[in-house]
Amino acid sequence: SCPDEVPMMGGGGQQTDRITGTNGRFGTYTWEEVQKHTKFGDQWIVVERKVYNVSQWVKRHPGGLRIIGHYAGEDATEAFTAFHPDLQLVRKYMKPLLIGELEASEPSQDCQKNAALVEDFRALREHLEAEGCFKTQPLFFMLHLGHILLLEVIALMLVWCFGTGWINTAIVAVLMATAQSQAGWLQHDFGHLSVCKTSRWNHLVHKFVIGHLKGASAGWWNHRHFQHHAKPNVFKKDPDVNMLNAFVVGKVQPVEYGVKKIKHLPYNHQHKYFFFSKSLYGYRKVIAPPIALGDLQLILNFCVTQCNCEILLGVKSHDCGVPVGRRFMESHWFVWVTQMSHMPMHIDYEKHQDWLSMQLVATCNIEQSPFNDWFSGHLNFQIEHHLFPTMPRHNYWRAAPHVRALCDKYGVKYQEKTLYGAFADIIRSLEESGELWLDAYLNK
């Protein structure tokens, strides 16, 4: 059996005392016992066959309280390994939470997962680590940052030298949108702890980049984005498939909405109004309610810097072509790239799959080319990125053949598309979902 769905929110609770077993130290547990502790305030997880009570730790977890809750009552070993580059350090923090281990007769995997696949994936990760695929090339990221700054300097110099005529405004807007989009991919690298040697430096630089270059909150990004990676395309667990009733996605949600006669918008036309709503969706991904004080200061610095640049360059208050055009293009760029590998894929409720199967059913790759690598910030290797989120992006291409071979061995579909085909599939999937909704709304 598998644990029930974990509530997204709830009241607090006291951490239960360690349960002493017959050996006088810790208890031994069956999966059935572990799976009883899934509610907020009473949450257990299993990592490497050890049972941990994380009921109170969730409130202090750097990745946010919900991501652990999504694995309450489950084996979280694969997610634990994927998200933490320094496992020995993290294990030290986990020692006080240890309450026991699985009984010897219990399998290491829960929910009838394929033990052979899980073991082979673990071996693959160890092989890639030995091959140096998790080692960063500092020069790559220095050059990436350099080209972002160069684009912004060129844009500012064009305004300084040639003013804000229509042609120059269009050129500057494109340059600024490109710089901001590439800065978005750079903050993504630091956010995943894949650049610096220590998590501390990654977090510090991430706050600076996302705050000063993007004007967004690092804390909010962590809170949302790691949930997405932990349970991609899973309703109630992946915030990226929460479309705020503007869209219905996948094959399950449209029917549910149709049967319940929910019609916030004409969803059978969502593939059409998607073109006009991408900017709003992009803003939703940038604007964040839970902002820490430090994040707020960085965001204010970003806003002040933008205003000062406009004043120094003599841009009049009514001359808003550059900021509006930049935001419009950047938002569209962001949405197309982030949705091309997820929205057309399988979207459903929790199925308790192993890490490889869960990620592959929710993600796909876009064929490699120098342009695609640059344009998407190497998120054209979405499969490898999801399987190994702390791997530096310049090494995805090295891991891809090994991942494909493992998928072939177990019959897991490894999907790769052209860039154009992936964009077209976004619209196709929205149209199909809209038709499912309309049929259920009218006939069920």
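Is Cys111 buried or exposed? Hold on to that one for a second while I set the scene.

Okay, hi everyone. What you see above is a predicted model, so please keep that in mind as we go. Back to the cysteine: Cys111 is buried, because its relative accessible area is 11% and the cut-off for buried is under 20%. Where does Cys111 sit? You'll find Cys111 in the loop that runs between strand β5, residues 98–102, and helix α5, residues 115–130. And here's the odd bit: Cys111 isn't a glycine, yet its phi is positive, at about 55°.

There's another residue like that, so let's hop over to His378. Its phi is near 65°, again a positive value in a residue other than glycine. His378 sits in a loop too, between α15, which is 370–376, and α16, which is 382–387. Buried or exposed? His378 counts as buried, because its relative accessibility is 11%.

Now let's zoom out. The protein has 18 helices and seven strands. There are 444 residues, and 54% of them count as buried. On the outside, the protein exposes about 21100 Å², with carbon and sulfur atoms supplying 62% of that. How do the contacts look along the chain? Take the contacts with a separation of 6 or more: 75% of them come from residues 24 or more positions apart.

Next up, one glutamine that I'd like you to click on. Gln359 lies in helix α14, residues 355–362. Why does Gln359 count as buried? Because its relative accessibility is 0%. Its side chain reaches the backbone oxygen of His229, at 3.0 Å. If we leave out residues up to four places away in sequence, Gln359 touches His229, Pro232, His386 and Leu387.

Pro232 takes us to my last topic, the holes inside. Rolling a probe the size of a water molecule over the atoms shows where empty space is left. How many cavities of 30 Å³ or more are there? The count comes to five. I'll pick the second largest, which has a volume of about 110 Å³. Its lining is made of 13 residues, and the ones nearest its centre are Pro232, Val234, Tyr349, Gln353 and Val361. So what kinds of residues line that second largest cavity? By class, there are six nonpolar, four polar and three charged ones.

To wrap up, go back to your screens and look for Cys111 and His378, each with a positive phi. Then find Pro232, which Gln359 touches and which helps to line that second largest cavity. Thanks, everyone!

Methods
Residues are numbered from 1 along each chain as its sequence is written. This is a predicted model: local features need pLDDT of at least 70, side-chain atom pairs count only at pLDDT 80 or more; totals for chains, interfaces and linings use all residues. Side-chain values use heavy atoms; hydrogens and water are left out. Helices (H or I, at least four residues) and strands (E, at least two) are DSSP runs, numbered from the N terminus. Buried means under 20% relative accessible area, exposed over 50%, partly exposed in between (1.4 Å probe, protein chains only). Contact means heavy atoms within 4.5 Å. Accessible areas come from the Shrake-Rupley method with a 1.4 Å probe; for residues, only the protein chains shown count as cover. On a 1 Å grid over the protein atoms alone, a cavity is a set of points where a 1.4 Å probe fits but cannot get out, and a pocket is an open set with protein on both sides within 12 Å along at least five of seven lines; lining residues have an atom within 4 Å of a point. Grid points are joined across faces, edges and corners, and a volume is the space filled by probe spheres set on the points. Ala, Val, Leu, Ile, Met, Phe, Trp, Tyr, Cys and Pro count as nonpolar, Asp, Glu, Lys and Arg as charged, and the others, Gly among them, as polar. A polar contact is a pair of N or O atoms within 3.5 Å; within protein, one must be able to donate a hydrogen and the other to accept it, and residues adjacent in sequence count only if both atoms are side-chain atoms.
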